[in-house]
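Please read the points below beside the coordinates. They cover the protein surface at one nucleic acid strand, and then one small sheet with its helices.

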There are 2 protein chains.
Amino acid sequence: MAAVAYKINKEKLEKAAFILKTVAHPTRLAIVDLLSIQERLSVNEICTILECEQSLLSHHLINMKLKGILRSEKDGLNVFYSLKERDVTKLIECIENCNCNF
Amino acid sequence: MAAVAYKINKEKLEKAAFILKTVAHPTRLAIVDLLSIQERLSVNEICTILECEQSLLSHHLINMKLKGILRSEKDGLNVFYSLKERDVTKLIECIENCNCNF
DNA sequence: TTTAAATATGAATAAACAATCATATATTTG
DNA sequence: CAAATATATGATTGTTTATTCATATTTAAA
């Protein structure tokens, strides 16, 4: 990285790329989307709503948790997931608001 | 997809995931970032600024063009790239504005 | 105290991506 | 037209990521 004044610095770009990558998947986007309306949802609830196979969903959820996008709390048999950083929602809002015809 | 009223529909989620995925890479984000300040830049200019190997950069650029994020126009020896949808910038702005400590 | 329900785990495979390299093509200029 | 410059292409390889499946773990309840 060199020569020109950057709007965003390298570190920020890398972080952004990292989170975008984590979220750039239909199912995972849908999860973030859901959790931006629903505060917290159990694996099962998400599973039902998204019609996603349980273990696959688990993989997604755990991955997103690992990468700092979700948090989870156990309550009896259930595990509830929620957005860790409410800020992730901004991304979603962005996508919504943008009438972009990509 | 079922049962619950969705904030974003499936198709939109898929499109969003698609574009996010395309952009979710440090170099490609940097390219979008650059082009959100610079209107148009030649491959060489981008190459120099980002210190990215020429053919690798070409691959990235062509890929992003293919996916509808960039456009290009040839001018003599040079090929100038620019953002196709100015809207992509919104994403970047989002990332900038979000003081998110992901 | 067995059974069922919810979730997680891990291995295995397949598919997508990133990077590198060598080379091709097109354009300009001497 | 030969050389130089800018860009593109394509094959190859290595790395990540996605999906599936079978099974383990934990908790609750009959």
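The notes below take the contact surface before the fold.

1. Basis. This is a predicted model, in which local features need pLDDT of at least 70 and side-chain atom pairs count only at pLDDT 80 or more, while totals for chains, interfaces and linings use all residues. Residues are numbered from 1 along each chain as its sequence is written, chains are lettered from A and ligands numbered from 1 in the order in which they are written, and side-chain values use heavy atoms, with hydrogens and water left out.

2. Surface near DNA strand C. The strand is surrounded by 22 residues, the closest being A:Asn44, A:Ser58, A:His59, B:Lys21 and B:Ser55; a residue is near if one of its heavy atoms lies within 4 Å of the strand. These residues divide into 7 nonpolar, 12 polar and 3 charged, where Ala, Val, Leu, Ile, Met, Phe, Trp, Tyr, Cys and Pro count as nonpolar, Asp, Glu, Lys and Arg as charged, and the others, Gly among them, as polar. On the DNA side, 62% of the strand's atoms within 4 Å of the protein belong to sugar or phosphate, and the rest to bases.

3. Contributing elements. At least two residues each come from H3 (43-50), H4 (54-66) and E3 (78-83) of chain A and from H4 (54-66) of chain B. H4(A) gives the largest share, 5 residues. Helices (H or I, at least four residues) and strands (E, at least two) are DSSP runs, numbered from the N terminus.

4. Individual atom pairs. Polar side-chain atoms of A:Ser58 and B:Arg28 lie 2.8 Å and 3.1 Å, respectively, from a phosphate oxygen of DNA strand C. For B:Ser55, the partner is a base nitrogen, at 2.5 Å.

5. Sheet of chain B. Three strands form an open antiparallel sheet in the order E1-E3-E2; strands pair if DSSP finds at least two bridges between them. E1 and E2 (70-75) stand at the edges with a single partner strand each, so one side of each has no neighbour in the sheet. Between E1(B) and E3(B) there are 3 bridges, and B:Arg40 has B:Ser82 as its bridge partner.

6. Helices on the sheet. H3(B) touches E1 and E3 of chain B, its direction making about 85° with that of E1(B); contact means heavy atoms within 4.5 Å. H4(B) lies across E2 and E3 of chain B, at about 120° to E2(B). Axes are lines fitted to C-alpha atoms, for helices over the stretch in contact, and angles run from 0 to 180 degrees between N-to-C directions.

Note on methods
Polar contact = N/O pair within 3.5 Å; in protein donor to acceptor, adjacent residues only side chain to side chain.
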